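Here is a short briefing on one protein model with a bound ligand. Keep the sequence and the structure open while reading.

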Amino acid sequence: PQKRKILVAGNWKMNGNLALIDSMSQTFATQDFKHVDVVVCPPAVYLSSFNEPDFAIGAQNVSHLDGGAYTGEVSISMLSELPVKYVIVGHSERREYFNESNELIAEKVYKILECGLTPIFCIGESEQIRESGKLFGFLAEQLDAVINRIGIQAFNQLIVAYEPIWAIGTGKTATPEQAQEVHHFIREHLAGHDANTASGVRILYGGSVNAASASALFSQPDVDGGLVGGASLKPTEFVNICLAAE
Ligand code: PEP
């Protein structure tokens with residue numbers, strides 16, 4: 001079977017400024033990616049500030065509500081009027097610092113799909129869960145929240161990102177074998193519902209990916225790209241990660 005097209009997404013988190021938008025655009029202007037989809041996810045205030053055909057734009061979050069008296073929130077219909085194609089949802093930082101539950105995240109995935117945008121749906125375990133031997137059950141619950149709310153067909157239109165929390169921002173990348181083991185589990189779990197959906201869904205790895213680790217990770221059979229945090233703030237490093245997928 002044909003391998004799924006690699007996707008590399010950069011998550012700026014609450015970092016960056018107008019100068020970084022300029023230097024990112026200049027660095028990408030000299031590239032022409034054919035075999036990799038590139039996505040940049042800046043803070044919400046910068047979603048309209050890019051004028052760059054070489055990558056797509058993603059938001060880092062969206063409200064589960066449609067509109068109204070919810071100070072500080074941004075709705076999916078607002079995002080859909082901007083040049084935004086993707087929305088990160090369920091990032092471990094949102095789960096941990098903003099108390100987002102599996103159910104809330106499933107609701108956000110529903111809203112994003114309803115508006116025709118593509119969720120980048122993040123799951124992943126803490127070190128404690130991995131060490132307690134509950135890894136696969138924990139990830140299955142995170143996946144099942146979306147399956148229960150929307151159905152397995154949601155996975156025909158979204159991208160999964162496996163991000164072990166112990167590897168995020170720590171410099172401690174999962175080995176390619178560790179990533180492959182979990183990505184294979186995710187695909188098998190989805191295949192239990194629908195084999196076609198499972199074979200088509202792109203599963204990204206996230207957790208301290210850099211230009212040195214990218215190609216070994218991306219060459220694993222079930223790793224279809226990366227969600228990149230810290231290294232996505234360095235234009236040359238980020239381009240080199242994307243080149244590892246070309
Ligand atoms: C992330 O937060 O999505 C991430 C993977 O961060 P980092 O690459 O910095 O570990």
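UniProt positions are given here in the numbering used for this model, and such annotations may be inferred rather than shown by experiment. With that in mind, the "active site" annotation, from an unreviewed UniProt entry, covers His91 and Glu163. The two are spread over 73 residues of sequence, yet they cluster in space, with a largest C-alpha distance of 8.3 Å. The model is predicted.

**Confidence**
- The mean pLDDT of the protein is 96.
- A pLDDT of 70 or more is reached by 99% of its residues.
- The model scores are ipTM 0.95 and pTM 0.97.

**Annotated active site**
- His91 sits in the loop between E4 and helix H3 (92-97).
- His91 is buried, because 28 other C-beta atoms lie within 10 Å and the cut-off is 20 or more.
- Glu163 belongs to the loop between strand E6 (159-162) and helix H7 (176-191).
- Glu163 has 27 C-beta neighbours inside 10 Å, so this residue also counts as buried.
- Beyond four places in sequence, Glu163 touches Ser92, Cys122, Gly124, Ile168, Gly206, Gly207 and Leu227.

**Annotated binding site**
- Under "binding site", the unreviewed UniProt entry lists Asn11, Trp12, Lys13, Gly169, Ser208, Gly229 and Gly230.
- These positions are spread over 220 residues of sequence but cluster in space, and their largest C-alpha distance is 13.8 Å.
- Lys13 lies in the loop that runs between strand E1 (6-11) and helix H1 (18-29).
- Lys13 is partly exposed, because 18 other C-beta atoms lie within 10 Å.
- Ser208 is in the loop between strand E7 (203-206) and helix H9 (214-218).
- Ser208 has 20 C-beta neighbours inside 10 Å, so Ser208 counts as buried.
- Outside its neighbours within four places in sequence, Ser208 contacts Ala167, Thr170, Gly171, Lys172 and Thr173.

**Ligand surroundings**
- There are 13 residues around the ligand.
- Those that come nearest are Ile168, Gly206, Ser208, Gly229 and Gly230.
- The shell divides into 5 nonpolar, 7 polar and 1 charged residues.
- Three of these names recur in the annotation: Ser208, Gly229 and Gly230 come nearest to the ligand, and the UniProt entry lists them under "binding site".
- Two others recur as contacts: Ile168 and Gly206 come nearest to the ligand, and Glu163 touches both.

**Helix H4**
- Helix H4 covers residues 102-114, which makes 13 residues.
- At 1.5 Å a residue H4 should span 18 Å, and its end C-alpha atoms are 18 Å apart, so the two agree.
- Its buried residues are Ile105, Ala106, Glu107, Lys108, Val109, Lys111, Ile112 and Leu113.
- They pack against helix H2 (76-80), strand E4 (86-89), strand E5 (118-123) and helix H6 (135-150).
- After H4 comes Gly116, which has a positive phi, near 85 degrees.

**Thr118 in strand E5**
- Strand E5, one of the packing partners of H4, holds Thr118.
- Thr118 has 19 C-beta neighbours inside 10 Å, so Thr118 counts as partly exposed; buried would take 20 or more.
- Thr118 and Leu158 are 40 residues apart along the chain, while their C-alpha atoms are separated by 5.4 Å.
- Leaving out residues up to four places away in sequence, Thr118 touches Lys85, Tyr86, Gln157, Leu158 and Ile159.

Technical notes:
Residues are numbered from 1 along each chain as its sequence is written. This is a predicted model: local features need pLDDT of at least 70, side-chain atom pairs count only at pLDDT 80 or more; totals for chains, interfaces and linings use all residues. Helices (H or I, at least four residues) and strands (E, at least two) are DSSP runs, numbered from the N terminus. The expected span of a helix is 1.5 Å times one less than its number of residues. A residue is buried if 20 or more other C-beta atoms lie within 10 Å of its own, exposed if 12 or fewer, and partly exposed in between; C-beta atoms are placed from the backbone. Two residues are in contact if their C-beta atoms, placed from the backbone, lie within 7 Å. A residue is near a molecule or strand if its C-beta atom, placed from the backbone, lies within 6 Å of it. Ala, Val, Leu, Ile, Met, Phe, Trp, Tyr, Cys and Pro count as nonpolar, Asp, Glu, Lys and Arg as charged, and the others, Gly among them, as polar. pLDDT is the predictor's confidence in each residue, from 0 to 100.
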